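Colleague: I would like a close look at one part of this model, the pockets, together with the strands and the buried parts that can be described alongside them. Could you take me through that slowly, in one connected account?

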Amino acid sequence: MKFLRSLFFIVFIFSTCNIVAQINAFKNYNSNSGLPSATITNITQDNTGYLWLTTNKGLSRFDGNEFLNYTNKDGLISNKTTVISSKNNLLIGTNKGLSIKTSNKFINFEEKKINCIITTTTGTFLGTDKGILRVREDFLSNIRTNFQIDLNVINDLKFDGRFYWIATNKSLWKLDKLINPTLLKRVGLGNYTAILINNKNCIATTYNDGIKLIRNNIAETISTTPNKITGIKKINNQFWIITRNEGIVVLDENFSFERSINKYNTINTNKINTVYQDQQKNIWIASNNRGLFKLEGETALKNKPVITFQNIEVVYKALDTIDINNYPKTLQLKPTKNHISFTYKTVNINNPKKVLYRYKLNNQFSSWTSKNTVDLAYLNAGNYTFIAQSKIGKIESNPIQFNFFIDKPIYLKSWFQWLCITLAALLLSGTILFYIKKIKAKNRAKVKKLQLKNHLLSLEQKALQLQMNPHFIFNVLNSIKALGNSGKATELNTTISKFAVLLRSVLNNSRQEEISLAEEISALKNYIELEQQMSSNSFNYQINTNLNLDSEEILIPPMLIQPFVENSIKHGIKAKKDGKITLDFSTKNNYLRCSIIDNGIGILESKKNKKVSSHNSVAIKITEERIKTLTKRNAFRIKELLDKNITTGTKVSFKIPLKTDF
């Protein structure tokens, strides 16, 4: 008896320790932890590793460290969420229909209460309180099978690879297709609550009739306990049976009882909605009134961690028009869109703070850090590849990348630069052409003005050539008269002949722009000899030529020398008894050089004494201008000749370009 008491005591102590150990093994999350509600209706995990929870007060996301909650204020169709699926997209069933979560918003479809979600190759289907719905691109459509399915509550939907199994509140059905099925068989009657496909075998739970195994289209009862079953999960080769009010019953592979999880031994509630095992083998229990319970599995990931882009912002605006984790192209950005922010994430539910990240922009990786955001500001134009990678411990994730291109500002583009260069060249060419045209027009105006001036000078010169000095003509005529009276017939004839030749040459030459040097010299001889005949004081003259061409071939403007000779005779040697005038003509360096030298009183003294007629003064001035227009500057000179500071005469010299008639 004493031995039995001791044995009972030992068994009691071990049982108590086992219960305490189980209680300590589960960690509880509730409203104080960040959950929006203590009523958790369903659990799933996405490819990134986030745990998603549906509650009666919205949707919650858990990364192992904190909860992020979504409600109808964030766009959710209803806060009373019932079921969730992350097979392709994140689909949330609610009491008012379906919400599909995209990167930054919810797409909503208002309908009946949704109890289950299944996605296969033929589409996504929803089990509701009244039949089955199919999710299409922009609406939900009813699936017509038969009235016993279409009008009843669909508690669960499963696909075993060949057949669809439908658990309703009235019966269990087997179909080959959900749309236009050819096989539609009722397998069992009753309130079927959940379905589990185990090695292609269908196991179904009922609310009051235990657990059923489907063999040869017949529902066989394999266990009658527990009662009020709402769900079944297979975890670690065990069947976890979820009940309405009795907690969880764990059965082995042969459906034999192993243990129970309830408020009496492990968790502080019997009201369980579902059980879920995540990627790190943690077991999560969703209760109806006590929040979330976690039985921790592996402390470290055995597989590579998964990293995904959470958000990409361009100038503080999220890229919500593309799938940032599956964008195969290179994002084209304008030059002003050169401020880009990346947020990426690897979820480690058990050790969220042990995740490290690094990134690379075209070149070398950064150092590992716990920071999972990168802000890239004022990027230059060009192609970029952003790469991010994470690691937990020594295990590194596969890198993810995002390609983008920032266009050059228009002023840096080659075509724009060439356009500017072309326009500048055209503008410069236009300006130069305009300037040249303006200069040409100005020059034409100057030429016309000079031509007019030259024409006027020519006319004036011709007029001067036609009107010889009246005193000279008067004196010649008086001389002819005197010779006639004195009966000197020979001298009279000579004088008349010379005067006639002179007048004829003046008349002929005045009609021409140029005459030969020989003609000019001949006219000068006649003029000087007539002046000698009429002068009261005799004087001599000499004409010297040092030419490399015949004087008949050299052209010269008419009456170019005569005004200077006349000036020498009238004012230089007029009062001198032995006056002399020397004319020199020579050619050198393509110029005809002319000089008129007299041994008179000198130019300065002459200017003091002379009272010149207007004809002579104008003739000298015009002749000087004619010479200056024919040759370069400083080619015309008048100077006094000095001998021991005594004036011995005047020299007029100039040169004009040598011009010939061939």
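Modeller: What follows goes from the pockets to two sheets, then to one tryptophan and one helix. Please keep in mind throughout that this is a predicted model.

The largest pocket holds about 1,700 Å³ of space. Of the 48 residues that line this pocket, Asn 42, Val 83, Asn 115, Lys 233 and Thr 274 are the closest to its centre. Seen by element, two or more lining residues come from each of strand 2 (40-45), strand 6 (81-85), strand 10 (114-120), strand 14 (154-159), strand 18 (192-198), strand 22 (229-235) and strand 26 (272-277). In chemical terms, the lining of the largest pocket is made up of 20 nonpolar, 19 polar and nine charged residues.

The second largest pocket holds about 1,200 Å³ of space, and 35 residues line it, with Lys 101, Thr 102, Ser 103, Asp 323 and Asn 325 lying nearest its centre. At least two residues of this lining are supplied by each of strand 5 (67-70), strand 8 (97-101), strand 9 (106-110) and strand 29 (308-314). Sorted by class, the lining of the second largest pocket comprises 13 nonpolar, 13 polar and nine charged residues.

Some of these strands can be followed into their sheets. Strand 6, which gives residues to the lining of the largest pocket, belongs to an open sheet of four strands in the order 6-7-8-9, where the pairing is antiparallel. Strand 6 and strand 9 are the edge strands of this sheet, and each of them pairs on one side only. On average, and with direction ignored, neighbouring strands here are turned by 20 degrees against each other. Inside the sheet, strand 7 (residues 90-94) and strand 8 run antiparallel and are joined by five bridges; Gly 93, for example, has Leu 98 in strand 8 as its bridge partner. Strand 8 and strand 9 are also among the elements that line the second largest pocket.

Strand 14, another contributor to the lining of the largest pocket, is found in a second open sheet, whose four strands follow the order 14-15-16-17 with antiparallel pairing. Strand 14 and strand 17 (184-189) stand at the edges with a single partner strand each, so one side of each has no neighbour in the sheet. From one strand to the next, the twist of this sheet averages 20 degrees. Strand 16 (residues 171-175) runs antiparallel to strand 17, with five bridges joining the two, and Ser 171 has Leu 189 in strand 17 as its bridge partner.

Trp 240 deserves a separate look, and its place is in strand 23 (residues 238-243). Its relative accessible area is 1%, so Trp 240 counts as buried. Leaving aside residues up to four places away in sequence, Trp 240 touches Gly 231, Ile 232, Lys 233, Ile 235, Ile 248, Val 249, Val 250, Arg 259, Ile 261, Val 275, Ile 283 and Ile 285. Lys 233 in that list is also one of the residues closest to the centre of the largest pocket. Tyr 276 is 36 residues from Trp 240 along the chain, and the C-alpha atoms of the two are separated by 9.9 Å.

Finally, there is helix 7 (residues 562-572), in which nine of the 11 residues are buried, so the helix is largely enclosed by the rest of the structure. The buried residues of helix 7 are Gln 562, Pro 563, Phe 564, Val 565, Glu 566, Ser 568, Ile 569, His 571 and Gly 572.

How values were computed: Residues are numbered from 1 along each chain as its sequence is written. This is a predicted model: local features need pLDDT of at least 70, side-chain atom pairs count only at pLDDT 80 or more; totals for chains, interfaces and linings use all residues. Side-chain values use heavy atoms; hydrogens and water are left out. Buried means under 20% relative accessible area, exposed over 50%, partly exposed in between (1.4 Å probe, protein chains only). On a 1 Å grid over the protein atoms alone, a cavity is a set of points where a 1.4 Å probe fits but cannot get out, and a pocket is an open set with protein on both sides within 12 Å along at least five of seven lines; lining residues have an atom within 4 Å of a point. Grid points are joined across faces, edges and corners, and a volume is the space filled by probe spheres set on the points. Ala, Val, Leu, Ile, Met, Phe, Trp, Tyr, Cys and Pro count as nonpolar, Asp, Glu, Lys and Arg as charged, and the others, Gly among them, as polar. Contact means heavy atoms within 4.5 Å. Two strands pair if DSSP finds at least two bridges between them. Axes are lines fitted to C-alpha atoms, for helices over the stretch in contact, and angles run from 0 to 180 degrees between N-to-C directions.
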